[in-house]
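Hi,

Here is the structure I promised to pass on to you. Have a look at it first, and my notes follow below.

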Amino acid sequence: MKIICIGRNYAEHIKELDNEKPKEPIIFLKPDTAILLKKQPFFIPEFSNDVHHEVELLVRINRIGKHIDKKFAHKYYDEIGLGIDFTARDLQTQLKEKGLPWEKAKSFDGAAVVGKFINKNEIEDINNINFSLKRNKSVVQSGNSMLMMWKIDELIEYVSKYFTLKIGDVIFTGTPAGVGKVETNDVLTGYIEETEMFSIKVK
Ligand code: ZN
């Protein structure tokens, strides 16, 4: 399987990192080795002093497809999840400055938290999902899929122009504002509405 991530999909997050608003979605990939194994803590890698959490809604693909029209995109997934796109921000900044790919900063082992999934039938409106991340006791990020610049079905249309989507592929749909540094001994807990989707210890 592959993980396809969308960058800069929430206006407020673009502002906080002082990035330009893109004209098209920004895409990068994570290999399956980036997935944090179930029940394992996240280890801050030795090559970074500034790893950030980015909580994101996930979409799991359930049908093979290419050049999917957004009208039909809803047929290609039936589960929505929540995860973290861990980012070595210091390394990413260096790579961005040099115009180099971001993979070292975003695709290292453990950099993708894939939490639980819920059937989309249990969700009233895909474009109105509240989600949040608690770092220890405080809510540090909260978002709503309504605020995405490109909605889930548009992302599937766009991504499938470039990549054949296969069963089990996961799309990370971008992070809302509030990204920040994680520290050793943090506990990161993600929620869709009131439901806990994952809980991760940082080491
Ligand atoms: Zn992200």
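Let me begin with a pair of residues in a hairpin: Thr189 sits opposite Ser199, which belongs to strand β13. Please keep in mind throughout that this is a predicted model.

The hairpin itself is made of β12, covering residues 187-192, and β13, covering residues 195-201. The two strands run antiparallel and are joined by six bridges. Two residues lie between the strands, and Glu193 is in that loop between β12 and β13. Its backbone may catch your eye: phi of Glu193 is near 50 degrees, a positive value in a residue other than glycine. As for its surroundings, Glu193 has a relative accessible area of 39%, so it counts as partly exposed.

A positive phi also turns up at Arg8, again near 50 degrees and again in a residue other than glycine. You will find Arg8 in the loop that runs between β1 (3-7) and α1 (11-16). Is Arg8 buried or exposed? With a relative accessibility of 16%, Arg8 counts as buried, because the cut-off for buried is under 20%.

Next, a sheet. Three strands make up an open sheet with antiparallel pairing, and their order is β6-β3-β11. The edges are held by β6 (87-88) and β11 (180-181); each has a single partner strand, so one side of each is left without a neighbour in the sheet. Between β3, which spans residues 51-53, and β11 there are two bridges, in the antiparallel sense. In one detail of this pairing, His53 has Gly180 of β11 as its bridge partner.

Finally, the metal site, which I expect you will want to open up. Which residues coordinate the zinc ion? They are Glu54 and Glu56, each through OE, and Asp85 through OD, at 2.0 to 2.1 Å. Along the chain, these donors follow the spacing E-x1-E-x28-D. Glu56 and Asp85 link distant parts of the chain, being 29 residues apart. Glu56 belongs to strand β4 (residues 55-61), while Asp85 belongs to strand β5 (residues 77-85). Both Glu56 and Asp85 are buried. If you look at the zinc ion and count its donors, remember that water is not among the atoms, so sites may look incomplete.

Happy to talk any of this through once you have had a look.

Best wishes

Technical notes: Residues are numbered from 1 along each chain as its sequence is written. This is a predicted model: local features need pLDDT of at least 70, side-chain atom pairs count only at pLDDT 80 or more; totals for chains, interfaces and linings use all residues. Side-chain values use heavy atoms; hydrogens and water are left out. Two strands pair if DSSP finds at least two bridges between them. Helices (H or I, at least four residues) and strands (E, at least two) are DSSP runs, numbered from the N terminus. Donors are N, O and S atoms within 2.8 Å of the metal (3.2 Å for Na, K and Ca); water is not among the atoms, so sites may look incomplete. Buried means under 20% relative accessible area, exposed over 50%, partly exposed in between (1.4 Å probe, protein chains only).
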